[in-house]
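Open your viewer and get the selection tool ready. We will take this one stop at a time.

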Amino acid sequence: NGTGAGRARSAALTLLALLAVASLLAAFWGERSVVSRGLLVLLLVTPLAIAVPGLFARNRRTFAWATLCVTPHFIYALTEIVANPSIRVLAASILMLSLALVVALVAYLRLTRAGGG
């Protein structure tokens with residue numbers, strides 16, 4: 001189904017952008033050292049940015065490995081939800097965006113697989 005796949009791809013790109021923005025907000029939230037901010041950007045935003053060209057090109061392999069790029073977000077969000085009350089709401093949004101992004105990526109893969117069913 002081309003329309004379903006198109007919607008899944010659009011959702012994935014939108015969620016990826018929202019997750020990148022939330023990750024940047026988290027990196028620059030509060031009093032962190034420059035090194036700490038840089039590491040957070042490197043670990044959270046860079047993998048997402050690397051996936052963007054393949055997602056725009058509708059490369060199924062990119063949709064598959066991009067699901068792995070969300071792992072650092074899960075770990076970071078779960079850690080901050082438990083350990084840092086000042087960023088808990090932002091961490092919860094990162095967790096929800098991460099989950100939604102994985103769902104959208106997998107939905108695209110299912111809707112575009114060969115054989116259709």
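Here is a short tour, from the whole chain down to a pair of rings.

A word on ground rules: this is a predicted model, where local features need pLDDT of at least 70 and side-chain atom pairs count only at pLDDT 80 or more, while totals for chains, interfaces and linings use all residues. Residues are numbered from 1 along each chain as its sequence is written, and side-chain values use heavy atoms, leaving out hydrogens and water.

**Whole chain.** Start with a cartoon view: you should find five helices and zero strands (DSSP runs, H or I of at least four residues for helices and E of at least two for strands, numbered from the N terminus). The C-alpha trace spans about 50 × 25 × 15 Å along its principal axes.

**The core.** Next, select Leu55, Phe63, Tyr76, Ile94, Leu101 and Leu105, which have the most contacts inside the largest nonpolar core, a set of 31 residues. Such a core joins buried Ala, Val, Leu, Ile, Met, Phe, Trp, Tyr and Cys residues through side-chain atoms within 4.5 Å; buried means under 20% relative accessible area, with a 1.4 Å probe and protein chains only. Now colour helix 1 (2–27): the largest share of this core, eleven residues, comes from helix 1.

**The ring pair.** Finally, show Phe63 and Tyr108 as sticks: they form a stacked aromatic pair, 3.9 Å centre to centre with 20° between the planes. Ring centres must lie within 6.5 Å to pair, and planes under 30 degrees apart count as stacked. Phe63 sits in helix 3 and Tyr108 in helix 5, 45 residues apart. Phe63 is buried at 0% relative accessible area, and Tyr108 counts as buried at 5%.

Conventions:
Buried means under 20% relative accessible area, exposed over 50%, partly exposed in between (1.4 Å probe, protein chains only). Rings of Phe, Tyr and Trp (its six-membered ring) pair if their centres lie within 6.5 Å; planes under 30 degrees apart count as stacked, over 60 as edge-to-face and the rest as tilted.
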